Amino acid sequence: MTSTFQLTHVLPTGVVFAVEPWWVQIIKGVIIALIGFTLIPAAVTIERKLLGRFQHRYGPNRAGPYGTLQAGADILKLLGKENFRPSTSGGFLFYLAPMLAVIAAVATFAIVPLGDVVTIFGQKVGLYGLDVGIGPLYAFALGSIAFYGLVLGGFASGSKYSYLGAMRAAAQLISYEVAMGLALVGVIMQTGSLSLVDIVHYQQTHLWFCIPQAVGFLIFVIASMAETNRAPFDLVEADSEIVAGYMTEYGGGGFASFYAAEYLNMVVAGAIATTVFLGGWTIPFWDGAPPVLGPFVVLIKTMLFVVFFVWIRATLPRLRYDQLMSFGWKILLPLATLNALVTAIVVVAS
Amino acid sequence: MTPVPEHDSYFIERGPEPGGAGSVGRAFGETLRGLKTTFGRLVEGPTTVQYPEEKIPVYPRFRGRHRLHRFEDTGLEKCVGCSLCAAACPADCIRVVAAENTPDHRVSGGERFAAVYEINMSRCIFCGYCEIACPFDAITMGNDFELADYNRSDLIFTKEMLLAEPLERTPLRAEGE
């Protein structure tokens, strides 16, 4: 499948498809980054409220109507705190680590297609940050950089708990990113393109990939829970065993950054799952939907994933370390490989 | 656990070995069951009592902050300053100094009255022995339990404070409710 866009840039990261002049891209980039940062308090609020409801309580309900301002109040509180660093912490890496985590999370959000190409004031604008020709690879690459943030944070803290958390993060990344990548291979083979926009275009005319690629969908969702350190795979943080893992020694802004990155990663994982498996901005049984609705549809679907992640967190206990490893290597990876293999056979045969 | 008669033993059904294919299927099924359980909790709704706005009524026998009483007809204090409550108090938090009633200065119904009557609420254990010890029912345990304050010295309740009606009434449950 070839891209329908006329103008292409060839960057070192791959072919980037774009329809807008550079200044539109800058405006668009700023807006999308702001959307990303707005989704963090939204995700935090959803998580805290919903987790409360799952446990027979209300969750935060004091700050603002229904506690909606709680996340903002928490952010202000954290930013107002003293920027403490332990005497054992090492060098500028201690400050670099939370920045890396946030940058990687926001940068991943850039490739999430929020909508099709629309015409705003006579100017063609694609409702996404970038349409890179290496879509999922870009997401995985930045996901790995986010893990650098975790590992460096744990390493530079100079604390045993942080170091343990960092080591767990590294091991978990290796175990689950492979399965996550292989889960997407089936979709990519069926679409014939690595561009996330093309994958959504394909789903406009075909069934959503969550049905023909159900196994891949399941593996992707499970692996993305591990990837974003969510329960039941949150033994990177494991507040009850290793305090908070790599975050133990961080307070104030550094902690806020890690926290924000964690929730943004959750949103991004949901958004990518939406794009790849749930048809992105398409609405079922309504082909003539106005493209302006696109971003809302994508955000609603993404938030459904966030709700699902919270639901899982309310349900499942944390896995033991060896259970995590054996689940990743003995079950998810063979299953993902088999899924890719079967899809390959089907694609070639048909 | 089902009995096996010919071997005089019991057959115990165990779950599949952890890590095997059987355990995956079981874990998946149990996960779905768990999701159903937590969703049920979501549907049931919160059981939280929004405390400062919503209060659970206390039972009539609830032992809260003490109250001193007056005779309703004459308005005289019931306490005669006998110090039996102070003697009964295991936490030693009651201080009574008695004084003589005079014909032109009558405070209590008896010969003497409590010139000083202080209860240190930061030491009181709300056991109710003072109430039992009192021969005139002058002191009873009230229903108020919201006694938090910013200073310890503010928690020493004087006779005037104990005689006065509580500012905010604690909701009371009817008998048998």
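This passage describes the overall build of chain A and then the surroundings of one residue in chain B, Glu77(B), as seen in a predicted model.

A good place to begin is the fold of chain A, whose secondary structure consists of 11 helices and 5 strands. The radius of gyration of chain A is 20 Å, close to the 20 Å that the globule rule gives for 350 residues, so chain A is as compact as a globular protein of that length. Along the principal axes, its C-alpha atoms occupy a box of roughly 55 × 50 × 45 Å. Of the 350 residues in chain A, 53% count as buried. When contacts between residues at least 6 apart in sequence are considered, 75% of those in chain A link residues at least 24 apart.

Turning to the surface and charges, chain A has an accessible surface of about 15,600 Å², and carbon and sulfur atoms account for 72% of that area. The chain carries 18 positive and 17 negative side chains, with 8 Å between the centres of the two sets.

In chain B, attention falls on Glu77(B), found in the loop that runs between strand E3 (66-68) and helix H2 (84-88). Glu77(B) counts as buried because its relative accessibility is 7%, under the 20% cut-off. Its side chain forms a polar contact with the side chain of Lys159(B), at 3.1 Å. Lys159(B) also appears among the residues in contact with Glu77(B) once neighbours within four places in sequence are set aside. That group further includes His69(B), Arg70(B) and Phe71(B), as well as Val107(B), Ser108(B), Gly109(B) and Leu163(B).

Conventions:
Residues are numbered from 1 along each chain as its sequence is written. Chains are lettered from A and ligands numbered from 1 in the order in which they are written. This is a predicted model: local features need pLDDT of at least 70, side-chain atom pairs count only at pLDDT 80 or more; totals for chains, interfaces and linings use all residues. Side-chain values use heavy atoms; hydrogens and water are left out. Helices (H or I, at least four residues) and strands (E, at least two) are DSSP runs, numbered from the N terminus. The radius of gyration is taken over C-alpha atoms; the globule rule is 2.2 Å times the number of residues to the power 0.38. Buried means under 20% relative accessible area, exposed over 50%, partly exposed in between (1.4 Å probe, protein chains only). Contact means heavy atoms within 4.5 Å. Accessible areas come from the Shrake-Rupley method with a 1.4 Å probe; for residues, only the protein chains shown count as cover. Lys and Arg count as positive and Asp and Glu as negative; His and the chain ends are not counted. The place of a charge is taken as NZ of Lys, CZ of Arg, CG of Asp or CD of Glu. A polar contact is a pair of N or O atoms within 3.5 Å; within protein, one must be able to donate a hydrogen and the other to accept it, and residues adjacent in sequence count only if both atoms are side-chain atoms.
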